[in-house]
Structure formats: structure tokens, C-alpha cells
Amino acid sequence: MTSAEAFIKAIESGSKHLVIKRFTLRYPEEKLKFVGDGYQFDPKRGVGIAGYRGRHILFHDKCTGCQLCAIACEGIAEAIGMVKVDEQWKHNKKAIMPQIDFGKCVFCGLCVDACPFYALFMTDDYELSSFTKEHLIYTPAQLAIKPKYDGDVQIKIDERGATHG
Amino acid sequence: MAAETAAQFTPVIYMLGFGVLAGVPALIISRLIAPRRRYNPVKFLPMECGQMPTGEGRSHFMMQYYSYILMFVVFDVMSIFLFAWASSLLLIPRTATLSIMAFLGIMFAAMGYALYLSGRKGIW
Amino acid sequence: MVVLAKSLEDRIDESQKLGLQVIKESEDDRLMTLNVGPQHPGSGHFRFTVKVDGDYIVYADPDPGYVHRGEEKMCEYRNFIQNIPHLERPVIHDSTNITYSYSLAVEELVGIQVPRRGQFIRAIASELNRQVYTLYWLAIYGIFLGHSTMFMWPTGDRELFIDLLEALTGARVTHAFNIPGGVRNDIPNGFKDRCLRQIAYFEKRLKEYEDIFYNNPLLRQRTEGVGILTKEDAIKLGVTGSVLRASGIPYDIRKAEPYDIYNEIDFKVQYMKTGDSFARSYVPFLDMRESCHIMRQLLDKMPESGEVRSKLQPNPKGAPGEAYRRVESGRGALGYYIISDGTPKAYRVKISVGSFRNMLALPYLLVGAKLGDMPSIYWSLNYWPVEADR
Amino acid sequence: MNQSTENRSNSNFQSSSLAKSKTDTQAKNEPESSFEKKLVSEITSKFGDNVKVSYIRPLRMKIIVNQEYIVEIATFIRDSLGFDHAESVAGTDYPKDNKIEVIYHLGSYSRDDLAGHILALATHTSRDDARLPTLMNVFKSVEYHERETFEMLGVYFEGHNRNERFLLPEDWADIPPLRKEFRIKGR
Amino acid sequence: MVDAVFVGVAVLTIGSSIVALESRELIYGAIALAISMMGIAGFFILLDAPFVAMFQIAVYVGAVAVLVIFTVMLVRTQSLFSINEDKGRKAAGIVLMLVFMGGIGAIVLTSGLNSPSFGKFNSTPVDFTAIGKEMLTYYSPALIALALTLAGSVIGALALARREDIEQKNERID
Amino acid sequence: MASTPEEFRFGNFVGSLIWLILIVLIIISLVGLPIIFVILFYVPLPPVNGEILTPYLFLSMMVDPTRTLPIIKFLIHTHLFKLVVFPGFTFAALLAAATIFIERKFLAKMQLRVGPLYVGKVEGILQLAADGLKLISKEIIIPSGSDKPIFWASPVAFVAAAAAVTALIPVAPGWVVANISVGLLAVFAILGFFPLIALLFSWASNSKYPFIGGLRALHQMIAFEIPFFLSALSVVILAGSLNLTDIAKAQHPFWFIFFLPISAFVFFISSLAELERVPFDLPEAESEIVAGWLTETSGMIYGLLQLGTYVKLYALAALFVVLFLGGWAGPQIFPQELIPGYTGEKIYNPVTVNAIFWFTVKTFGVIMLFLLPRGINPRIRIDILLHTGWYKLIVLSFINMFVALALIYGGVLGPGGLLTR
């Protein structure tokens with residue numbers, strides 16, 4: 001291939017994209033759709049998480065305060081601490097539950113793997129920004145909230161290129 | 001007698017002046033409204049990729065290609081002479097082309113030899 | 001200025017002749033010392049000092065360590081499982097591969113086996129992540145050469161694979177997906193179709209990359225014949241990955257020491273013989289193509305159902321002994337040397353990474369090159385500063 | 001702890017580790033292993049007692065040599081066996097035995113039948129005066145690895161042209177960090 | 001109007017040439033040199049010779065001054081030409097200059113250029129195309145001589161240009 | 001449900017437009033009118049319908065077009081207007097600003113991005129104003145040890161020199177700020193200042209990377225100045241004049257690009273190099289020498305240098321149009337009468353408006369061509385650049401010069417030629 005030909009090809013390849021759809025995701029308006037809605041769990045396949053690894057959700061009715069999540073985390077991020085809660089559960093005599101500092105959490109999900117009672121899961125909520133570090137510490141009550149996520153954009157591929165949504 | 005040519009050129013001078021008029025207020029306004037915090041002398045160090053600057057900024061440093069600069073000074077003159085020829089091309093007899101061809105021939109020979117010389121001496 | 005010497009010894013001699021020792025005596029005023037990095041658009045978290053004589057580099061000295069975090073020391077204080085999230089920090093763009101060889105080594109020490117389906121999923125994740133890394137690398141190679149479109153396109157197309165990995169693992173870059181004994185979770189529904197569709201699209205895109213970038217005469221002019229690493233020098237310097245393969249040695253860990261499922265996969269090791277900057281940048285591109293091919297096979301041959309990980313006791317103890325396992329990462333061989341003393345923690349973990357090994361070639365390739373060749377040589381070494389520092 | 005560190009240098013330890021590695025996915029058929037045995041026996045027949053074989057597994061061999069002979073043996077390995085580059089140089093600190101083990105993982109690019117093989121060449125030095133001859137003139141590729149080992153474990157490589165700071169900060173004034181007495185804060 | 005402009009340009013030219021000579025910072029001297037070249041171009045414009053003026057700017061400012069600044073930038077120490085303050089010599093120089101200028105002025109004043117009829121004598125400005133025409137027809141041997149001069153100068157410059165470093169390297173090898 | 005901007009709502013669009021117009025009106029009435037008044041007190045005004053015009057009368061006349069038109073016409077034909085507004089600085093600066101915006105959107109489209117999007121509601125049209133505000137409100141950091149007078153003066157000189165180039169470009173018949181008999185040479189003479197300024201600025205920065213960048217700018221200039229001159233030479237041969245207006249008029253039936261395609265190509269390449277645009281942006285090669293000679297710039301100094309660069313881009317594109325694309329020539333598409341049946345004084349000159357329209361369209365076409373290589377090509381190396389300039393482009397431009405000579409002497413063009421009108 002001569003260089004002139006290659007130049008023409010390059011120009012053609014570049015200018016072809018003037019009519020191809022754009023790939024950018026306009027994040028605050030558009031959000032990606034995830035597989036599932038987070039915290040799906042299939043007990044048959046052993047521990048594990050599918051869906052997104054966002055912030056955690058804690059099911060208070062299942063948590064026994066066994067601290068296994070905190071033990072799993074202490075070598076990784078030291079994000080999980082156990083705090084007292086004002087709740088009376090038969091299976092949680094000590095009434096302690098995990099509190100997660102998302103300023104430290106690396107979202108590896110090993111605490112979820114460690115939880116033997118299926119009380120801790122990860123959700124698809126990743127918008128955790130705050131103005132102070134203290135606000136990133138999620139108490140058990142905050143962790144119990146089920147997030148609302150409305151992403152509906154997926155990569156679509158057609159003859160005019162790949163696009164988000 | 002001299003007014004016509006000078007009058008032709010005055011707008012260019014005015015335009016230069018107007019460019020200055022457009023540029024200076026921008027700098028002055030910027031100087032007025034921009035913050036000027038001078039507590040950190042490191043801020044004013046020349047760029048050295050995050051290191052403390054070593055050596056001089058204006059050092060004795062030579063690009064290898066300076067033979068081209070020498071050539072440029074000569075061929076700049078040549079090309080402007082060619083403009084004198086080109087603008088009067090329609091007025092002069094065709095035989096005058098021979099002399100400009102001789103001029104070009106000498107210059108081209110010189111250019112070829114100069115390029116050869118600079119390549120051979122490893123100047124560039 | 002004729003510094004370009006043929007063999008490595010000549011080049012070393014040349015660098016020493018023109019380098020530090022000589023400069024101290026007489027030539028200090030003629031040379032200019034330029035810092036490239038750590039705050040330079042043409043360096044990563046990395047610094048190297050070059051001395052230029054006019055337009056030619058006569059001395060180069062890499063100085064890594066700006067992002068050294070002591071991963072090897074940290075590994076001695078944590079359990080085998082707890083090591084995984086922080087071990088992938090050095091190369092978050094290739095985080096599956098860097099935990100892959102770690103898992104292999106720990107599996108050898110602990111003595112467990114990965115189920116067949118788990119091996120396939122591992123390989124799929126590894127190939128996907130290799131694409132992610134190579135696209136990112138290619139994007140930076142593009143912007144280093146001043147080709148802004150080549151920065152944007154791979155960065156955008158990388159999204160295809162990141163999305164797949166996100167569907168697979170749940171995280172976009174730091175997957176923490178491979179663990180000793182298998183993988184964390186099974187593939188989601190519809191993953192195969194989506195994967196095949198996106199691979200087909202990506203292969204179309206690769207052609208366009210070739211048109212606008214690799215076949216561009218200006219790029220060819222800039223990279224061909226620049227920074228030639230001959231076969232002998234490549235062996236001597238012990239470079240790895242695409243740098244090695246560009247110098248004419250078809251060496252790939254996936255072929256040389258097939259781990260997991262790779263001995264059942266049919267693929268060719270891509271290599272070029274010229275060993276210049278262009279070849280070093282083109283071999284990863286060929287690898288991406290081959291990787292698409294591999295991924296199709298993997299998706300095709302994968303068993304429909306089965307376990308994805310074998311049962312591992314909560315805090316596994318390694319048998320006393322040592323293991324050295326390697327995988328082929330985006331930057332070449334990535335080896336883990338783990339000594340275990342029978343406790344749940346490793347006694348010593350040594351990470352042998354491709355970037356660190358390829359860095360050795362940097363000063364020898366830079367000496368004698370022009371200053372304009374510096375970015376193309378530097379980034380064609382497939383060098384990831386954070387990984388080299390560990 | 002103490003027992004295990006002693007075990008590592010013992011050759012009776014190799015059988016158990018070989019048994020462990022049998023569970024690996026790569027089938028451990030005997031002919032492969034015999035090839036490695038042949039390789040190692042070439043070294044042992046040449047250097048006799050100076051070479052102690054630590055283990056021989058499929059694709060992996062480890063020999064421990066005395067530091068006086070390491071350059072000689074490395075040259076032999078490079079020239080006769082075809083291991084032409086070092087993949088990694090790992091130093092390990094054994095405070096109980098008062099020794100530092102430096103281990104070179106050697107691989108081969110030039111011989112196709114050795115492509116997957118790693119020969120681990122280990123040597124020991126004392127902790128108090130850690131000095132080793134450099135292998136830089138044998139394997140060029142160990143240059144930065146040895147430099148790293150110098151700053152991480154304080155092993156001075158005689159003959160290496162740059163035994164100096166590499167990865168650590170410029171103002172590092174502590175003991176070499178990979179020595180066992182260097183503790184991470186809070187751990 | 002024209003006289004005022006002339007005086008302004010003259011002041012600019014002479015002043016900047018004085019700065020060019022007297023400046024301690026070489027780079028300012030070079031800039032002043034460029035400005036004085038532009039002042040000369042201004043004279044040419046006032047003399048109805050726009051082509052020559054543009055020639056002056058393109059060659060002397062665009063090429064020669066750039067070359068001078070380039071060279072000045074490469075000079076390591078700013079005090080290369082250390083100015084020896086010698087008052088006697090300075091005074092003598094000024095006196096010599098005044099005498100020279102007076103002589104030139106006297107010649108010009110007595111030559112008839114000052115006479116009122118001179119304005120009629122050369123009233124129409126010379127078209128620059130005429131310059132090209134004359135240069136190519138009547139003065140064509142001069143053009144060839146010019147070409148030879150230019151060729152000789154560029155070849156001579158390159159023949160004289162040396163690579164210090166190569167020679168140094170050769171010496172070191174020897 | 002996420003709301004996407006891709007859903008085009010006409011109501012929103014109209015609403016944002018109305019808001020924009022309202023804001024502009026408020027600004028004009030608060031700022032513009034007082035300024036107009038101040039100016040009117042000092043500008044000599046023409047008599048209208050026998051009355052001596054005063055500013056107060058002027059204001060009352062603004063609502064009556066028949067009385068306003070002569071004033072506007074009078075104002076338009078003053079030198080000040082030409083200098084400041086139309087073919088002069090404001091026109092060039094506006095086109096430069098439009099170029100910056102178009103470059104960003106165009107490149108973004110080519111690179112599968114969206115470019116500026118949020119500022120100004122409609123596809124980010126106010127991004128440029130926002131950038132300007134940002135630059136003007138940023139601190140100017142002058143590196144220690146720098147040469148302060150040169151450091152401050154260089155950006156101003158850069159803008160001034162770029163503006164001086166635009167003064168020489170004819171936009172329509174008669175619409176040129178400075179109609180010089182040696183206009184083309186004057187353009188070249190002023191273009192020679194730019195590497196000088198870059199060199200001085202890089203020297204004044206007292207830093208290594210600007211130093212190398214300045215040297216590179218100089219080398220680039222010397223490599224491409226001579227092909228630049230010589231490619232224009234063949235145009236001069238065909239046109240027989242150095243006046244840009246004459247050159248534009250000389251290509252009335254046939255544009256010179258049909259006879260001189262190689263020259264046009266060389267001119268285009270040299271202009272790219274002159275403008276330091278990709279693939280010739282070596283003086284600012286960011287992966288080698290941080291930002292080249294712009295490394296130490298900050299705040300408005302950077303802004304002025306960018307403004308100068310883009311004004312220069314407009315000037316060279318316009319020069320290309322004048323030299324090769326027939327200047328303002330184009331089919332008459334504007335009607336003779338704007339309002340049918342209107343019998344009063346002529347509102348506008350359709351020929352001039354047509355010329356301006358075509359000139360602008362062509363200039364933008366050339367500007368797009370200047371922008372295109374940035375999306376396609378990598379940067380080249382300095383030795384390749386010098387080699388290209390000295391060995392290839394000079395030869396190419398001479399080839400086309402001989403073609404032009406043959407056309408003249410062969411009787412095709414020139415006085416009495418076959419194709420001459």
C-alpha cells in the first residue's frame with residue numbers, strides 16, 4: 001500500500017465517524033443498566049455475588065452479630081466495625097451489627113462471601129459521594145435501606161456503531 | 001510624495017496597535033481580578049516535572065539542525081528575489097527568463113551541495 | 001551524530017562513554033538534563049532522566065518507585081484470601097491476570113483443584129481483561145504519539161469489555177474475581193450472546209484502528225526502525241511479553257507452560273521479527289485479534305453447567321514449601337513466587353512482573369534515539385509504572 | 001516456624017511438596033519429570049557437592065549452591081543448559097537461621113524444550129554481612145532485580161555497578177524493609 | 001505629517017540601535033537590533049519603496065534577527081562581550097560619529113538635494129515591478145553575480161560550520 | 001426514568017433561545033447603549049435630511065429605518081469600523097472563536113465523543129465564553145528567574161501580529177483594511193514575527209522545556225517558510241500582481257487551484273506547519289517536552305496566545321481562499337431587493353453581501369480542512385519535518401512554478417491567453 005493510499009484510507013476511516021453514533025454515556029442523565037438488581041444470590045453455587053458490587057445492604061433480621069465480616073475485612077480495608085444497635089433480635093443477643101466506612105471500603109465483596117447467614121449483600125448503588133468523611137460511614141440503619149436504582153442504558157450494537165442506549 | 005505608500009501601510013500599524021489594545025486590557029483585568037497568592041515559592045519554580053530544577057533553563061544547547069538555519073537566511077533572500085521577478089513577469093521579454101533560470105540553477109546547485117555537505121558533515 | 005550502535009555491548013559502552021562518567025569531566029555544558037516524570041504528560045507515575053545532546057539522547061536512567069507500596073511486605077501480614085484485593089491494585093486495568101497467577105500459586109500450595117467450568121470462566125475473564133488492558137495501553141500509545149483520536153477510540157471501545165467484566169464480576173476495574181480454587185461467581189444469563197456480539201463488533205473496529213493508526217504513513221515513519229531491540233539483546237535483557245515477541249521470539253506462557261484450560265485452546269503466538277517500536281506496538285494489537293479468537297473458542301467449549309469453584313476452608317493453610325507460577329498477562333509473564341511455612345499467611349511473596357523486566361530495556365533503547373522518539377520507545381515497552389513499583 | 005524454615009533447605013521436604021503438586025492440573029507424567037532430572041544431574045555431575053538439589057518437580061527445579069561457586073555455576077547453566085535469562089530474583093530473610101536466601105528463577109527463551117521450565121538457583125548469605133557476588137555479568141537481566149534485592153534486603157552485590165536506592169524514597173533511612181524485623185506499623 | 005513620522009521613525013531606529021550596542025543583556029540588544037531593522041523598513045516605506053521595505057522585514061527581521069537571537073540564546077554566559085568602560089575611547093567615538101554625520105550632512109545639503117526643484121525631479125514613486133524588470137533585463141549580470149554570492153555564502157557558511165562535539169569525540173578516542 | 005438530552009424538545013430549545021436573547025438585550029441596554037452614547041459624542045456624524053445630527057436625534061431616529069440607514073452606512077464606511085469591526089479585528093476574532101468551538105465539536109464527533117455539552121444549554125455554545133472567563137480569572141504565574149518584560153510583552157505581541165495579518169486579507173471587493181500593493185509580501189513579512197516571538201517567549205521562561213519548544217518552533221519555521229513562499233510564487237506568476245485584491249480578482253473565471261493543485265497542496269501543508277497544528281505541533285509536543293514553548297504560560301497569557309493562534313489560523317485559511325479559491329467569487333444568491341416593492345434608499349449591497357457570504361463559507365471549508373488532520377494523524381518527528389520541508393516540498397512547489405510558467409508562455413493564461421476573460 002502506498003502512503004497516499006494509506007492516507008486516503010485514514011481520512012476515510014476518520015471522516016466515516018462523523019456519521020457514526022456517539023459512544024459517550026451522559027452519566028448523570030443516563031445510567032448503565034446492570035445485570036440483575038444487585039444482591040442476587042444463588043445458594044446452590046456456594047457463596048458469591050452476582051450483579052453489581054456497590055454499597056452493602058444489611059438484612060437486620062438475619063444478622064447475628066457474628067463479626068465474620070469484620071474479621072474478613074480487617075486484613076483488607078478495615079472498613080467494617082461492629083456497633084451496638086437498639087434492636088431486639090433473638091439471634092443477635094449482643095445486638096451488634098456491622099457499620100461500614102465507605103471511605104475505606106474497596107468493594108471487594110469478601111465480607112459478603114464470609115457471611116454465613118446471608119445477611120450482608122452488595123447492591124448496585126454506587127453513588128456514595130458526600131461532603132465529609134463522616135457521612136461516608138454507614139450505620140446499620142442506613143445499610144438496611146434498599147436502594148433505588150433507575151439505570152436503563154445498555155450497550156447496543158447496530159450497523160451504525162455501538163452506542164449506549 | 002511619500003504619503004501614498006505610507007497611507008497604505010498605516011492601517012496595518014493601526015491594526016497592530018489595536019491588537020495591543022485588545023491584549024493589554026485582558027492582561028490588566030486578569031491581573032486585577034485573579035487571585036495572587038504568593039505564600040509558596042515552590043509555585044514559581046520553572047517546570048521540571050515535579051523535581052527541583054537543576055541546571056540552567058537557558059543553557060548552552062544546540063539542536064543538530066542549525067545548518068538549516070544558515071541555509072534559510074540565504075534562501076529567504078532568494079525567494080524574495082523570485083517575487084520581484086514573478087510580479088514583473090508579464091512586463092519583461094521572454095528572454096529574461098533565461099537569466100532567472102540561471103539564477104535558480106545556481107541556487108539549486110548551491111542548495112543541493114549545501115544539503116549534501118550538511119548531511120556529510122553530520123551537522124543535522 | 002552517530003550514536004546508533006548495533007549490538008547491546010556497543011550501546012552500553014556508548015552510554016557509558018557519553019553518560020554520567022564522561023559528562024562529569026568535560027561535556028556537562030553541552031548536554032541538557034531533562035526530567036521526564038513524575039509530572040510529565042509523557043510519563044506515568046515514573047521518572048526517567050535523559051541527557052540530550054541536541055536532539056539525541058545520550059544517557060537515560062529510569063527511576064521508578066513513585067508508587068511503591070510494598071505489596072510484597074503487605075502479603076506477609078495477610079491471609080491468602082485477604083491478599084487478593086490489594087494485590088490487584090498495582091494493575092487495576094489487568095486485575096484478573098495479576099490475581100490469576102497468585103491463585104495458581106496458592107492452589108499449588110494449598111493443594112486444591114479448580115473445576116472445569118471455573119477454569120473456563122477464569123480464562124474468559126483473563127482474556128477480557130487482557131483486552132481492557134491492551135486497549136488502555138493502546139490509547140496511551142496513541143496520545144503519546146500525538147494521535148488524539150487513537151486515544152478516544154480505544155478508551156471508548158474498552159467500555160465494551162469493561163461492561164462484560166462488570167456483568168461477569170460485578171465490578172468495573174478491580175474485580176477480585178479469581179480466588180484460590182476457582183472464581184467468585186458464575187457467568188450471568190445471556191452473557192455468551194452478549195460477549196459474542198461485542199467481540200464481533202470489536203473485530204470490525206480493529207480494522208478501523210489499523211486504517212487510521214497502524215497503516216498511517218506518518219506513524220510508520222515515526223516508529224519504524226526506531227529503538228530496535230534485536231533478538232539477542234531481547235534474550236539477554238530478559239524482556240517479556242509483547243516486547244519479546246516483537247523481537248522475533250514466539251514465547252507466550254499460554255503456550256510454553258499452558259495453565260488451566262489453555263492446552264485445549266487452539267491459537268497462534270503472534271510475533272514480529274523487526275523488533276522496532278512499531279513491531280512492539282503492533283504485537284499487542286495482533287494479540288487482541290488472537291484474543292478474540294481465543295474467547296470465541298472458550299465460549300464455545302465451555303461446559304454448560306458445573307461448579308465454578310471448589311470448596312475452600314475459610315482460612316486455608318498452605319503446605320510448607322514454595323511455588324512459582326506464571327501466567328501471560330497483558331505485559332508478559334507475570335509470576336508469583338510464594339513461600340509458605342504452613343501458616344495461613346505467606347512467608348514471602350515475590351511478584352515478578354513484566355513491567356519491571358521490560359524497564360531494563362528502556363535505557364538501552366533510548367540511548368542514541370532522538371528526543372522525539374522517546375515517547376514511542378517508552379510506551380512501546382508495554383510498561384506500566386505502578387506494576388513495576390508494586 | 002523454626003522447623004519449617006529448616007525444612008525448606010532439607011531435601012526430604014521435597015517429596016511432600018511434590019505430592020502436593022500432583023494435584024495440579026498439569027498431569028505429572030514421569031517422562032517430563034525425568035527430563036528435569038537429567039538437567040539437574042548435568043549440573044550435579046559437573047559440580048558435585050557444591051550443588052544441593054532442593055526439589056525436582058515437573059517444570060520446576062531448585063538447586064542450592066554455595067555463594068563462592070554461584071558465578072561459575074550460573075555461567076555453566078547459561079552456556080551448557082540454555083537458561084539465558086532471569087525472571088525474578090527473590091531474597092528471603094530467615095532470621096532464625098541468620099541467613100538470607102537469594103533465589104534466581106532462570107528461564108530460557110532460546111531453547112524451545114525449556115520454554116516452560118524454571119530453574120531456581122538459590123544461594124545463601126549471612127544476615128549480618130550480607131554479600132553476594134553479582135550475576136550481572138552472567139545474566140544481564142538480573143541488573144534491576146539485584147538492585148531491588150539490595151535495597152529491600154540489604155544484600156550487597158559485589159561487582160554490581162549500582163548498589164543503590166531504586167524503589168524506596170530518596171530519604172529512606174530505615175532498615176531494609178523486607179527483613180523480618182521491619183514491622184509494618186500496627187501489625 | 002510625513003516629517004513627523006520621519007522624525008519618529010528616525011528616533012526609533014537610532015535609539016534602538018544605540019540600545020543594541022549598549023545593552024548589557026544580549027537578548028535585549030538583539031531585540032533592539034530587530035526593532036532598528038524595522039525602523040529602516042519604515043524609512044523605505046516613507047521613501048515609497050514598499051517592496052524593499054517588505055524585503056527588509058522578511059529577511060532582516062524574519063531571518064537575520066532570528067539567527068542573531070538564536071545565537072544569543074545559545075551563548076552560555078551573558079558577559080561574553082564584556083563592555084570595557086573606557087571613557088576616552090567612548091568620547092572619541094562620539095566625536096568621530098558627530099564629525100562623520102556632519103560631513104555627510106554637509107555633502108547632502110550642498111548637493112542640491114535640498115533645492116526646491118528636487119521635488120519635481122522625482123515626483124512619481126517607483127513601481128516595484130519596474131525593479132524586477134530592470135533587474136532581469138539590464139542588470140541580469142548583477143543577478144547572476146548575486147546568485148553566485150549567495151551560493152558562495154551558504155556553501156562557505158556550511159563549510160566553516162563545525163561540529164565541536166564530533167571533533168571532541170575524535171580527540172577523546174585518539 | 002432518566003431524562004436524556006438527546007430527546008429534543010422544541011419547547012426547551014425555543015425557551016433557551018428566548019432566554020439568551022433576553023440576556024443579550026439586557027446586556028446591550030445596560031452596557032451597550034451608554035457606550036454608544038459616549039462614542040457618538042465624539043464621532044462626527046453626517047447631516048441627515050438637512051439637519052445636523054446630534055446624538056439625541058440619533059437615538060430618536062433609531063426606530064425609523066429610512067432615517068437610520070444613512071447613518072449606519074456612514075458609520076460602516078468609516079475607517080474605524082473597518083479596522084475594529086468588519087474585515088478587521090472583531091470579525092477575525094469571532095471567526096477564530098467559532099473555529100475553536102467547531103474544532104471541539106468536530107473532533108469530538110470524529111472521536112465518538114460529544115464535546116462541550118452543558119454550558120449554554122444548546123450543545124454547549126457558551127463553552128468558549130466560560131473558558132474565557134475561567135482564563136481571565138486565573139492567576140498568572142510567572143516563573144522565577146524569567147525575563148519579565150519579554151514574558152508579559154510576548155502574548156500581546158503575538159495577538160497584535162496575528163491581527164496585523166488579518167488587516168491585509170481582502171474579504172470582499174473594497175473591503176480590506178489595508179490595501180497594499182505588496183500585500184502578499186507583507187503577509188509573509190509579518191508571519192516571520194511569530195517564531196521570533198515564540199523564541200523570545202521560550203527564552204524568557206527560563207525553563208528547559210519551553211527552550212526546546214522555542215528552538216523547535218524556529219526549526220519548523222525555517223523548514224516551511226521557503227516552501228510557503230515558493231508555493232505562493234506560482235500564484236503571483238499567474239496573477240502578475242502582489243496585491244491580494246488583484247490576485248483575488250485575477251482568478252475570476254477559473255480559480256488558481258485548477259492550475260496549481262500542487263502549489264495549493266504545498267501551501268496547505270506549510271500553513272499547517274506555520275500554525276503548529278497536528279501533525280506539525282512539534283513546538284507543543286506534550287508527550288516529549290511537556291507543552292513546548294507554552295509550558296510556563298498560565299491564565300490570560302495562555303488565553304491570549306491561543307487567541308492569537310486561532311486568529312492566525314483564520315488569517316491563513318483566508319489567505320488560502322484568496323490565493324487559490326478565487327477569494328469571494330461565487331454565484332449570486334442574495335436578491336437585489338431585500339423587501340419586494342420597497343422603493344426607498346437601497347438597504348444593502350447584494351454584491352458585497354454575497355461576496356462576504358462566499359468568502360466566509362470558503363474560509364470555513366478551508367478551516368475544516370485545517371482541523372481534519374488533527375483527528376487522523378500522529379505528530380511527526382523534527383528530522384522528518386525538516387526533511388519533508390527541504391527535500392520534498394520545495395521541489396514540489398518548483399514543479400508547479402514551472403507549470404505556471406508554461407501556462408503563461410504557452411498562451412493559456414496571461415494577457416491575451418486562451419482562458420483569460
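Which residue of chain C forms a salt bridge with Arg381(F)? Asp373(C) does, and the legends below start there. This is a predicted model, where local features need pLDDT of at least 70, side-chain atom pairs count only at pLDDT 80 or more, and totals for chains, interfaces and linings use all residues. Residues are numbered from 1 along each chain as its sequence is written, chains are lettered from A in the order in which they are written, and side-chain values use heavy atoms, with hydrogens and water left out.

**View 1. Arg381(F) and Asp373(C) form a salt bridge.** Their closest N and O atoms sit 2.8 Å apart. Chain C and chain F share 3 salt bridges (a side-chain nitrogen of Lys or Arg within 4 Å of a carboxyl oxygen of Asp or Glu).

**View 2. Chain C meets chain F through 32 residues on the chain C side and 28 on the chain F side.** Contact here means heavy atoms within 4.5 Å. About 2500 Å² is buried between the two chains, 58% of it from carbon and sulfur atoms; that is the accessible area (1.4 Å probe) lost on putting the two parts together, summed over both.

**View 3. The second largest pocket has a volume of about 1400 Å³.** A pocket is an open set of points on a 1 Å grid over the protein atoms alone, where a 1.4 Å probe fits, with protein on both sides within 12 Å along at least five of seven lines; lining residues have an atom within 4 Å of a point. Volume is the space filled by probe spheres set on the points, which are joined across faces, edges and corners. Of the 46 lining residues, Ile13(B), Leu16(B), Leu12(E), Met38(E) and Phe193(F) are the closest to the centre.
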